[in-house]
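Here is a short report on one protein chain. It covers the fold, the charge pairs, the aromatic rings and the surface.

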Amino acid sequence: MASLQSSSVIGSVAYSSTSCSRRGTTRSTINMPKLRTGGLSLRLPARDLVPEVLDMGVGLSAATTSHVEKKYESRTNRNSPSLGSNVSDPMVIAKLHAIMEAVADRVEMHQNIGEQRDNWNSLLLTSINTITLTAATMAGIAATSVGGPLLALKTSSTLMYLAATGMLVVMNQIQPSQLVEEQRNAARLFKQLHGRIQTALSSGNPTNSDVEDAMKKVLALDKAYPLPLIGVMLEKFPETVEPAAWWPQHRQRQEKPTKRRDGNGWSVELEEEMREVVGVLKRNDTEDYLRLSKIALKVNKILSISGPLLTGIAACGTAFMGSSHGSWAAMVGVVAGAMASVVNTMEHGGQVGMVFEMYRSNAGFFRLMEETIESNLNERDVGRRENGELFEMKVALQLGRSLSGLKNLAASSSKKGEATDEFASKLF
């Protein structure tokens, strides 16, 4: 400390003398602050600074290295998903988008073709009725004519009746109103499938099983509602009436005995409730719509045969006008033509074919509900089922009931083992 103070004093004296010697030559004054050297003391640490500095450098290096490693690990985890992550396979998403585009295109096709076939129904109905009534009018005028006008009128009337008969045979075979209903159902079901694929893409983690399921549903809908008329058109007058089926068949799971029947929203009471709902659907809803479908089919068959038959009889009547039985022939031609117009209007104006297809589709809707519920009940592993509470809500909404109403339906069906006459569906 003494040596430090002495060195500072010597420095101050040397600096003062130098300033004085320079003052004479430059005549400039530099006022320096006076340092108080007496009270100045520098207390240096006794320990060595080198090891501490080295330790600080090592610590800083270790902290920096660990930070870089953590950033690299987090970036690696983001780029390469592990087994427990929710990152979807890009190829699965691309496949679902491709299926969704195909489904949207099918919706547009079925809507356009449905409008076209609806035009067929209205135009053919108007044209055939016009031809039939014109032929009947000409037959009536011919009955009061003789000579050349009689021959011309009865020939024209006969040809028009024959043309109406041929057109009616074709129209009754393809049933345009029933074709329109098929296209409506197909467009509606394809829209439902499109919405489900969108839901799977937006709120879930799609897998290859979702792709396979979507493909099966698209192909099943194509088979249930074909677009062409020749070769693959649905039978308009089937021998046996079956519910419409537009879904892939559910795999029959083998029931394995297990003690656990609860979990995932399921309970013993919910299973019994769903079984009772299935029983009501089979006994009442499905059977009733199949019965109505058979009635509509019988009426449609009678009308389809009666229309061409009446126009054919009218054509024969007008052909024999002018003979010995001319008055009776004219009466047959006029009356049969008028009745044919009425029958044609009842069949195609009333769209009996559309009614038959609507009843058949309703029966198919209830059959699908039965298979869906039974498929969930046959799966003994409750973890692989659809969530029970969500499934119950879906069933209630599809039947147009509240949750309490669904429970009351099951309770009334199971009461004293007697079958209830109440229908499960409140919608239709």
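## Salt bridges across the chain

A salt bridge here is a side-chain nitrogen of Lys or Arg within 4 Å of a carboxyl oxygen of Asp or Glu. Lys 282 and Glu 374 meet that definition, with their closest N and O atoms 2.7 Å apart. This pair links distant parts of the chain. Lys 282 lies in helix 7, and Glu 374 lies in helix 9 (residues 352-378). The two are 92 residues apart. Lys 282 is partly exposed, at 39% relative accessibility. Glu 374 is partly exposed too, at 27%.

The model is predicted. In total, it holds 16 salt bridges.

## Overall fold

What elements make up the protein chain? It has 11 helices and 0 strands. From the N terminus on, the order reads α-α-α-α-α-α-α-α-α-α-α. The protein chain has 428 residues, and buried residues make up 35% of them.

## Salt bridges within one helix

Side chains of opposite charge can pair when their charged atoms come close. Glu 181 and Arg 184 form a salt bridge, at 3.0 Å from N to O. Both sit in helix 5 (residues 176-203). They are 3 residues apart, so about one helical turn separates them. Is Glu 181 buried or exposed? Glu 181 is buried, at 9% relative accessibility, because buried means under 20%. Arg 184 is partly exposed, with a relative accessible area of 41%.

Helix 7 (residues 268-319) holds another pair, Glu 272 and Arg 275. Their salt bridge has its closest N and O atoms 3.7 Å apart. Here, too, the partners are 3 residues apart, so the separation is about one helical turn. Glu 272 is partly exposed, at 39% relative accessibility. Arg 275 is partly exposed as well, with a relative accessible area of 34%.

## A salt-bridge network

Which residues are joined with Glu 272 and Arg 275 into one network? Glu 271 and Arg 385 are. The link comes from salt bridges that share partners.

## Aromatic pairs

The whole structure has 8 aromatic pairs. One of them joins Tyr 289 and Tyr 359. Their ring centres are 5.9 Å apart, and the angle between the planes is 50°. The pair is tilted. It links distant parts of the chain: Tyr 289 is in helix 7, Tyr 359 is in helix 9, and 70 residues separate them. Tyr 289 is buried, at 11% relative accessibility.

Phe 365 and Phe 366 form another ring pair, with centres 5.4 Å apart. Their planes meet at 65°. Edge-to-face means over 60 degrees, so this pair is edge-to-face. Phe 366 is buried, with a relative accessible area of 0%. Phe 365 counts as partly exposed, at 21%. The cut-off for buried is under 20%, so Phe 365 falls outside that class.

Ring pairs also build a cluster. Its members are Tyr 289, Tyr 359, Phe 365, Phe 366 and Phe 428.

## Surface patches

Which residues form the nonpolar patch on the surface? They are Trp 328, Met 331, Val 335 and Met 339. Together they have about 450 Å² of accessible area. Met 339 belongs to helix 8 (residues 326-349). Met 339 is partly exposed, with a relative accessible area of 44%. Patches take residues with over 30%, so Met 339 clears that cut-off.

A patch of negative charge also lies on the surface. Asp 105, Glu 108, Glu 115 and Asp 118 gather there. Asp 118 is placed in helix 3 (residues 90-142). Asp 118 is partly exposed, at 33% relative accessibility. That value is over 30%, so Asp 118 passes the accessibility cut-off for a patch.

## A contact far apart in sequence

Glu 269 is in helix 7. At 60% relative accessibility, Glu 269 counts as exposed, because exposed means over 50%. How far is Glu 269 from Lys 407, in sequence and in space? In sequence, they are 138 residues apart. In space, their C-alpha atoms are 9.9 Å apart.

Conventions. Residues are numbered from 1 along each chain as its sequence is written. This is a predicted model: local features need pLDDT of at least 70, side-chain atom pairs count only at pLDDT 80 or more; totals for chains, interfaces and linings use all residues. Side-chain values use heavy atoms; hydrogens and water are left out. Patches are made of residues with over 30% relative accessible area and no salt bridge: like charges are joined within 9 Å, nonpolar side chains (Val, Leu, Ile, Met, Phe, Trp, Tyr) within 5 Å. Accessible areas come from the Shrake-Rupley method with a 1.4 Å probe; for residues, only the protein chains shown count as cover. Helices (H or I, at least four residues) and strands (E, at least two) are DSSP runs, numbered from the N terminus. Buried means under 20% relative accessible area, exposed over 50%, partly exposed in between (1.4 Å probe, protein chains only). Lys and Arg count as positive and Asp and Glu as negative; His and the chain ends are not counted. The place of a charge is taken as NZ of Lys, CZ of Arg, CG of Asp or CD of Glu. Rings of Phe, Tyr and Trp (its six-membered ring) pair if their centres lie within 6.5 Å; planes under 30 degrees apart count as stacked, over 60 as edge-to-face and the rest as tilted.
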